[in-house]
Amino acid sequence: MSFEKLGLIAPIMRALETQGYSTPTPIQQQAIPVVLEKKDLLGCAQTGTGKTAAFAIPILQLLWKEKETAQAPDRHIKTLILTPTRELAIQIADNIRDYGAHTGIRHLVIFGGVSAQSQIDGLKRGTDILIATPGRLLDLWQQGHINLQFIRQFVLDEADRMLDMGFIHDVKRVITKLPAKRQTLFFSATMPDEIAGLANSILSNPVKVAVTPVSSTAEKVEQRLFYVDKTDKRKLLVHVLKDASITSALVFTRTKHGADRVAKELSRAQITASAIHGDKSQNSRQRALTDFKAGRIRVLVATDIAARGIDVDNLSHVINYEIPNVPETYVHRIGRTGRGGASGIAFSFCEHEERAYVKDIVKLTKQAIPVVEEHPFPPSQEPAAPPAPAVQMRQSSSQQHAGRKKQKRSWHGRPQQQKS
Ligand code: AMP
């Protein structure tokens, strides 16, 4: 299956070529025709599956076709994309900029935590697509800066995350402001009852599309488990990062303070690192992310919420400095390094109290995590029954993947041009 077969217009095909995309991902293959036919869609998919392009590409095409036949240009917002976090909003806007580069379709992104003035100025200039977080959208709507009466497509992204983050009430309020006659695309990684209920109430005859259940995303990531005492974790991290083949690592901590402490420790050990979490200003988070993507810093230390939506091509390693107590979170974390069809490596540092969490993870993923026994900081208490076979930690365990980072893989595993 190629993008041509999906009937995409030339301006979009050109942009996809620039991006180095050769094959649509499974969710793109299923969703693009449905959206082009103006049907409602219920997509069960998480980040890393290519879901942003699955809705952004056909929406750009629909808007482009409308623009071609329109008598006069109009400045109304035609598509609303609601997403839970600023990082995701920026990520979606970046993708729409890339895919829509030759279409002349305008987009604008608005989110909280920063001054609203430039967003209000942007709204005054007019936009075709508005990407927004719910709180800021409602604020600016209440102030009369946003007219939602002309929305034709509404995308609700990461609906389950909206629920987790306490935004579901805002989302429901936004929906009441939208015209009843519209196309709705609803995306969620999981379908808890409340989310399934919301989907039922706002979709009409949706086509259902589901890809890669959470437990199977882990399969393409090479995983390693290190048993270590809590007090030795920082030393172990510095030790592991001596391996030069770890070109970029996203390190997860449970708390914001933890993230700051780890980043400081790494900087002391001459390893370039920054922490990002909810207490940092939007500017400093964005700067850290830009530096990381550009390779100016090697390690980004993040909490789960802050890391949500971070999209880094060719991220070589994910390191679980602390093991999450929710097993799905582990899968989401390690999925950061297996993006766009590429594979990656995930290390997990497990202290005594976290051994039960590892058991839950193995139960969910149905995959053993090989244990690295040969490292300088073995735990003072031996694990009772290792959940997985032991492996030797050789420098080559990650070096053998170094060559892979040079090339981005297509969805059929063929090497393709790397995005610049
Ligand atoms: P998403 O699930 O939307 O967060 O996308 C995950 C990553 O996959 C992003 O880095 C995209 O740039 C990349 N991607 C999306 N579609 C394709 C494709 N058809 N071929 C290769 N990479 C893709």
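Reader: At what angle do helix 14 and helix 15 pack, and how far apart are their axes?

Author: This is a predicted model, by the way. In it, helix 14 (residues 327-334) and helix 15 (residues 355-365) pack at an angle of about 70°, and their axes are 8 Å apart.

Reader: OK, so what do we call that, roughly parallel or roughly perpendicular?

Author: Angles from 65 to 115 degrees count as roughly perpendicular, so helix 14 is roughly perpendicular to helix 15.

Reader: Which residues meet there?

Author: From helix 14 you've got Pro 327, Glu 328, Tyr 330 and Val 331. They meet Asp 360, Ile 361, Leu 364 and Thr 365 in helix 15.

Reader: And how many of those are nonpolar, polar or charged?

Author: The contact of helix 14 with helix 15 has 5 nonpolar residues, 1 polar and 2 charged.

Reader: Switching topic. How many residues are in the largest nonpolar core?

Author: That core has 40 residues. Leu 8, Phe 55, Ile 57 and Ile 129 have the most contacts inside it.

Reader: Which elements give two or more residues to it?

Author: Four helices and two strands are on that list: helix 1 (10-19), helix 2 (26-36), helix 3 (51-69), helix 4 (86-99), strand 4 (129-132) and strand 6 (183-188). Helix 3 gives the most, with 10 residues.

Reader: Is there another core somewhere?

Author: Yep, a second, separate one of 32 residues, and Leu 80, Leu 123, Ala 132 and Val 171 are among them.

Reader: Back to Leu 8. What is it in contact with, leaving aside neighbours within four places in sequence?

Author: Leu 8 is in contact with Phe 3, Met 13, Leu 16, Ile 32, Leu 36, Ile 57 and Gln 61.

Reader: Which residues are buried in helix 1?

Author: Met 13 and Leu 16, which we just met as contacts of Leu 8, are buried there. Pro 11, Ile 12, Ala 15 and Gln 19 are buried in helix 1 too.

Reader: What follows helix 1?

Author: Gly 20, and its phi is positive, near 80°.

Reader: Now strands! In strand 11, which residues are buried on each side?

Author: Strand 11 (residues 299-302) is covered on both faces. Val 299 and Val 301 are buried on one side, and Leu 300 and Ala 302 on the other.

Reader: Why do they switch sides like that?

Author: Because side chains in a regular strand alternate between the two faces of the sheet.

Reader: Which way does strand 9 run against strand 11, parallel or antiparallel?

Author: Parallel, with 4 bridges joining strand 9 (residues 249-252) to strand 11. Ala 249 stands opposite Val 299 there.

Reader: And strand 10, how many bridges does that have with strand 11?

Author: Strand 10 (residues 273-276) pairs with strand 11 over 4 bridges, in the parallel sense. Ser 274 has Leu 300 as its bridge partner.

Notes. Residues are numbered from 1 along each chain as its sequence is written. Side-chain values use heavy atoms; hydrogens and water are left out. A nonpolar core is a set of buried Ala, Val, Leu, Ile, Met, Phe, Trp, Tyr and Cys residues joined through side-chain atoms within 4.5 Å. Buried means under 20% relative accessible area, exposed over 50%, partly exposed in between (1.4 Å probe, protein chains only). Contact means heavy atoms within 4.5 Å. Axes are lines fitted to C-alpha atoms, for helices over the stretch in contact, and angles run from 0 to 180 degrees between N-to-C directions. Angles under 35 degrees count as roughly parallel, over 145 as roughly antiparallel, 65 to 115 as roughly perpendicular and the rest as oblique. Ala, Val, Leu, Ile, Met, Phe, Trp, Tyr, Cys and Pro count as nonpolar, Asp, Glu, Lys and Arg as charged, and the others, Gly among them, as polar. Two strands pair if DSSP finds at least two bridges between them.
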